[in-house]
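Thanks for making time. I have one structure to walk through, and I will keep to what can be read from it.

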Amino acid sequence: MIQKVVDKYDKFWTTFLIWIGALLAFYLVGLLLMFQGLWLRRRKRVQWVCPACA
């Protein structure tokens, strides 16, 4: 078994949060959504897989 680092959250939803935040950037909520999307995109997790599957 080997370690593989993968995204913890789906890229579609984190990108969606970033875009919605950019659309609402004139409001405080928009800025918070953008930063949350960026923070979630950086989150990773370790997954164990067999060498043939990696």
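I will go from the whole chain to the helix pair, and then to a few single residues.

First, a caution: this is a predicted model. Everything I say about it is computed from that model.

Let me begin with the layout. There are two helices and two strands in the chain. In sequence order the pattern is β-α-α-β, so please keep that in mind when we come to the strand residues. Now the overall shape. The C-alpha trace spans about 50 × 15 × 5 Å along its principal axes. The radius of gyration of the chain is 15 Å, whereas a compact globule of 54 residues would have one near 10 Å. Buried residues account for 17% of the 54 residues. As for contacts between residues at least 6 apart in sequence, 63% of them join residues at least 24 apart.

Next, the helices. How do H1 and H2 pack? Helix H1 covers residues 11-23 and helix H2 covers residues 28-42. Their axes are 7 Å apart, and the packing angle is about 155 degrees. Because the angle has that value, H1 is roughly antiparallel to H2. The crossing of the two helices is left-handed.

Which residues make that contact? From H1 they are Lys11, Thr14, Thr15, Leu17, Ile18, Ile20, Gly21 and Ala22. From H2 they are Gly30, Leu31, Leu33, Met34, Gln36, Gly37, Leu38, Leu40 and Arg41. Sorted by class, the contact of H1 with H2 has nine nonpolar residues, six polar ones and two charged ones.

One residue from that list is worth a closer look. Met34 sits in helix H2. Setting aside neighbours within four places in sequence, Met34 is in contact with Leu17, Ile18, Gly21 and Ala22. Those four partners also appear on the H1 side of the helix contact. Thr14 is 20 residues from Met34 in sequence, and their C-alpha atoms are 8.9 Å apart in space.

On to strand E2, residues 44-49. I picked two residues here.

Lys44 belongs to strand E2. Is Lys44 exposed, partly exposed or buried? Its relative accessibility is 45%, and Lys44 therefore counts as partly exposed. Not counting residues up to four places away in sequence, Lys44 touches Val5, Val6, Asp7 and Lys8. For Val5, 39 residues away along the chain, the C-alpha separation from Lys44 is 6.4 Å.

Gln47 is also in strand E2. With a relative accessible area of 33%, Gln47 is partly exposed. What does Gln47 contact beyond its neighbours within four places in sequence? The partners are Ile2, Gln3, Lys4 and Val6. Val6 is thus a name to note, touching Lys44 and in contact with Gln47. Between Gln47 and Met1, 46 residues apart along the chain, the C-alpha atoms are separated by 9.7 Å.

Last, the segment after E2, which holds Ala52. Ala52 has 78% relative accessibility and therefore counts as exposed. Ala52 and Thr14 are 38 residues apart along the chain, with 30 Å between their C-alpha atoms.

To recap, the chain runs β-α-α-β, and H1 lies roughly antiparallel to H2. In strand E2, Lys44 touches residues including Val5, and Gln47 contacts residues including Ile2. That is all I have; I am happy to go back to any part of it.

How values were computed
Residues numbered from 1 in each chain as written. Predicted model: local features only at pLDDT ≥ 70, side-chain atom pairs only at ≥ 80, totals over all residues. Heavy atoms only, no water. Axes fitted to C-alpha atoms, helices over the stretch in contact; angles between N-to-C directions. Parallel < 35°, antiparallel > 145°, perpendicular 65-115°, else oblique. Left-handed = near helix turned anticlockwise from the far one by under 90°. Contact = heavy atoms within 4.5 Å. Nonpolar A, V, L, I, M, F, W, Y, C, P; charged D, E, K, R; others polar. Rg over C-alpha atoms; globule rule 2.2 N^0.38 Å. Buried < 20%, exposed > 50% of the residue type's maximum accessible area, 1.4 Å probe, protein only.
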